[in-house]
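This briefing goes through the fold, the surface and the nonpolar interior in turn. Please keep the sequence and the model at hand while reading.

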Amino acid sequence: MKADRQGMSIRVKNAFTGWSFILIAVLMIAAFYFYPMIQALILSFKTGRGANLSFTGWSNYERLLTDKTFFTALKNTFIYLIIQVPIMIILALFISVLLNDSKLKFRGFFRTAIFLPCVTSLVAYSVVFKYLFGTNGLINTMLMKLSIIGTPIEWITDPFWAKITIIIAITWRWTGYNMIFYLSALQNIDNSIYEAARIDGASSFKQFFKITIPMLKPIILFTSITSTIGTLQLFDEVLNITKGGPGNATLSISQYIYNLSFKYTADFGYAATVSYSIVLIIVALSLIQFRVAGDRK
Amino acid sequence: MKKVMVLLLACMVLLTACSSGSNNKEQTASGGEGDSKTKEITIWAWDPKFNIAALNIAKEAYNAKHPDVKVNIVEFAQADIIQKMNTGLNSGTTKGLPNIVLIEDYRAQGFLQAYPDSFSDLTGKIKPADFAEYKIGPTSYNGKQYGVPFDSGVAGLYVRKDYIEQAGYKLDDLKDMDWKQYIEMGKKVKEKTGKDIITLDPNDLGILRMMIQSAGSWYLKEDGKTPDLAGNAALKEAFSLYKEMMEANIVKANADWSQFIASINNGDVATVPTGNWITPSVKAESSQSGKWAIMPMPKLPTTPNSVHATNLGGSSWYVMNIPGSDTAADFLAETFGSDADLYQKLLTDVGAIGTLKSASQGEAYSKPDEFFGGEKTVSNFAKWTAEIPKVNYGISTYAIEDILVVEMQNFLNGKSLDQALNDAQAQAEAQIK
């Protein structure tokens with residue numbers, strides 16, 4: 001009887017010690033992640049200007065469904081997503097396979113050069129891009145000198161070209177980031193598989209599509225999910241290069257949230273509603289991507 | 001076990017520290033007697049060449065009489081001030097907020113209505129009648145005067161004399177011009193000099209705001225709440241003129257402030273219709289001295305009430321309802337609120353045109369400016385200031401403008417004008433409740 005009780009208390013004590021180790025982390029996460037998330041959800045049911053908020057139920061969500069600007073932002077963000085993410089993933093795959101070639105000289109240099117963009121500051125590179133793509137910017141000057149174009153392209157002030165500029169900017173910055181994942185994954189593929197394939201007479205293309213891509217599948221899934229999330233949260237580039245213009249042609253959802261909170265008369269309730277729409281979209285897209293590409297258990 | 005308790009306690013402290021923000025509301029509302037003794041105040045403003053420079057002069061003048069008061073002047077970009085104010089006021093903590101803050105007139109009503117009780121009523125400290133009439137609308141709310149009107153934002157047409165002379169015009173031709181004639185002039189200037197008449201940012205409809213305010217019209221009806229887009233004659237005319245200007249190929253596009261300034265200083269454009277706050281930036285290119293002139297703004301050709309005076313931007317000072325509010329109100333009342341001599345100094349040293357009526361009689365206001373061909377530019381501006389039609393900016397200038405920017409693009413791409421404005425009206429009504 002006595003022994004039994006002591007056993008209990010040791011188990012309790014052990015559990016307590018265990019929990020106390022992670023207590024700080026748990027409390028911190030609760031305070032800085034879950035508390036704001038729940039507060040934001042509550043906020044999304046309130047409307048009003050600034051601090052005069054009152055609880056109005058679903059009205060913000062109803063407004064969301066009739067809000068043209070929101071749908072423009074959603075459409076723009078999906079255009080970025082559908083065009084930019086595949087380009088970037090394919091480009092990153094291609095570059096990483098090239099740079100994984102052991103016969104290539106200056107591999108380290110090339111790897112660093114391609115990875116470097118993603119350690120630059122978001123704002124700094126956006127500002128540089130804005131000037132590169134200005135009407136009198138370097139890109140236009142170069143294209144004119146090479147006689148590729150006759151009149152300067154309005155990269156920033158034309159609705160179509162502004163989108164292209166944003167896509168070029170985010171591709172430039174994030175390709176190297178994804179490439180690093182592929183490089184490390186490629187190095188985990190046993191070289192003997194390729195040797196066997198070569199002995200069997202498989203061409204480089206066949207090796208790439210039949211060995212490399214299937215072996216990289218989990219990483220491709222991972223990078224496409226993180227890139228999707230990143231694109232849905234796109235903010236700095238759009239704000240700094242085009243300010244969402246011309247005429248909302250490049251507005252992203254995150255920038256719309258910023259505008260609702262800070263550019264217009266503060267409407268935090270509705271801004272929170274728009275934020276939650278991103279959460280829902282990300283969850284849905286990630287589930288689809290898992291279904292399509294993930295291993296079914 | 002002791003360690004665990006310590007850990008728990010530490011976490012409790014941390015959590016209470018996180019949540020203490022919400023308890024500070026009492027402070028915001030009270031601003032009681034004990035607080036008024038605070039002798040240190042902090043002021044936030046943007047633009048080092050204009051507002052900050054003006055503040056430094058005011059601080060000097062005030063400290064000469066009240067050496068015991070410490071005035072801290074902090075410079076932030078306007079967007080940062082808005083963000084900090086919104087997050088601070090909304091979280092319920094006033095810690096870290098300034099005693100005095102500069103707010104743009106277009107945004108003032110938004111702040112006053114969204115955060116009632118956060119700003120001090122200055123009704124007894126300054127006399128609204130001492131200031132230009134059109135500044136009182138944005139700075140007062142519910143019959144109380146909250147802001148000390150400052151920067152006038154009065155607009156003029158900055159003109160490159162040499163370009164328009166090459167195109168066969170004389171300065172006098174520009175004195176009583178409407179926007180239709182302005183576009184004609186633009187075509188001639190382009191033909192003769194190859195220069196564009198104007199530079200515009202497609203995301204910024206400032207020119208539209210100037211056009212409609214010259215006719216006493218705004219995006220909202222006089223109540224400051226009901227969108228007035230669909231049936232707004234002045235706005236309709238402004239839209240058509242904007243399109244005409246675009247299609248005449250006399251507009252140089254710019255994407256931001258620095259490109260805007262660059263086109264002015266590089267001599268890429270023949271005119272710049274904008275607020276008087278551009279003067280220091282135009283003058284920054286000293287090699288162009290004597291080539292510029294400032295003319296009255298063109299008016300709308302067919303809208304009957306349109307005058308040659310309008311406004312772009314402009315801002316005013318506000319006192320926040322936190323400890324130190326009495327000192328802050330006193331500072332404003334003695335400097336920007338009444339000191340006509342201070343405004344003379346502001347003008348000679350900074351080039352800042354205020355809106356205190358009594359200041360415009362001073363000597364500095366009638367001084368000729370060699371850069372602008374020896375014209376008395378400031379007394380001209382002061383004269384136009386008195387003619388600016390009063391409108392109620394309401395709380396949604398920038399929200400509506402974002403809707404209009406889109407409809408403007410649609411209109412330029414062939415959508416009918418009535419349809420574009422009707423759609424804008426419907427969207428604005430859904431958004432502004």
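Contact here means that heavy atoms lie within 4.5 Å. The model is a predicted one, and the points below concern chain A and the nonpolar cores, where several residues of chain B are named.

**Fold and overall dimensions of chain A**
- Chain A contains 12 helices and two strands, and, read from the N terminus, its elements follow the order α-β-β-α-α-α-α-α-α-α-α-α-α-α.
- The radius of gyration of chain A is 25 Å, whereas a compact globule of 297 residues would have a value near 19 Å.
- Taken along the principal axes, the C-alpha atoms of chain A fill a box of roughly 90 × 65 × 30 Å.
- Among the contacts in chain A with a separation of 6 or more, 65% are between residues 24 or more positions apart.

**Burial, surface and charge in chain A**
- Of the 297 residues in chain A, 41% are buried, while the chain exposes about 16700 Å², with carbon and sulfur atoms supplying 70% of that area.
- Chain A carries 26 positive and 13 negative charges, and the mean positions of the two sets are 4 Å apart.

**Nonpolar cores**
- The largest nonpolar core has 96 residues, and B:Y219 and B:M245 are those with the most contacts inside it; helix α3 of chain A (residues 68–99) contributes the largest share of this core, 10 residues.
- Leaving aside residues up to four places away in sequence, B:M245 touches B:W179, B:Y182, B:I183, B:I198, B:L200, B:I207, B:M211, B:I250 and B:V251.
- Apart from this core lies another of 83 residues, which includes B:A45, B:L97, B:A329 and B:V350.

Technical notes. Residues numbered from 1 in each chain as written. Chains lettered and ligands numbered in written order. Predicted model: local features only at pLDDT ≥ 70, side-chain atom pairs only at ≥ 80, totals over all residues. Heavy atoms only, no water. Helix = DSSP H or I, 4+ residues; strand = E, 2+ residues; numbered from the N terminus. Rg over C-alpha atoms; globule rule 2.2 N^0.38 Å. Buried < 20%, exposed > 50% of the residue type's maximum accessible area, 1.4 Å probe, protein only. Areas by Shrake-Rupley, 256 points an atom, 1.4 Å probe, with all protein chains shown as cover. Lys, Arg positive; Asp, Glu negative; His and termini not counted. Charge placed at Lys NZ, Arg CZ, Asp CG, Glu CD. Core = buried A, V, L, I, M, F, W, Y, C linked by side-chain atoms within 4.5 Å.
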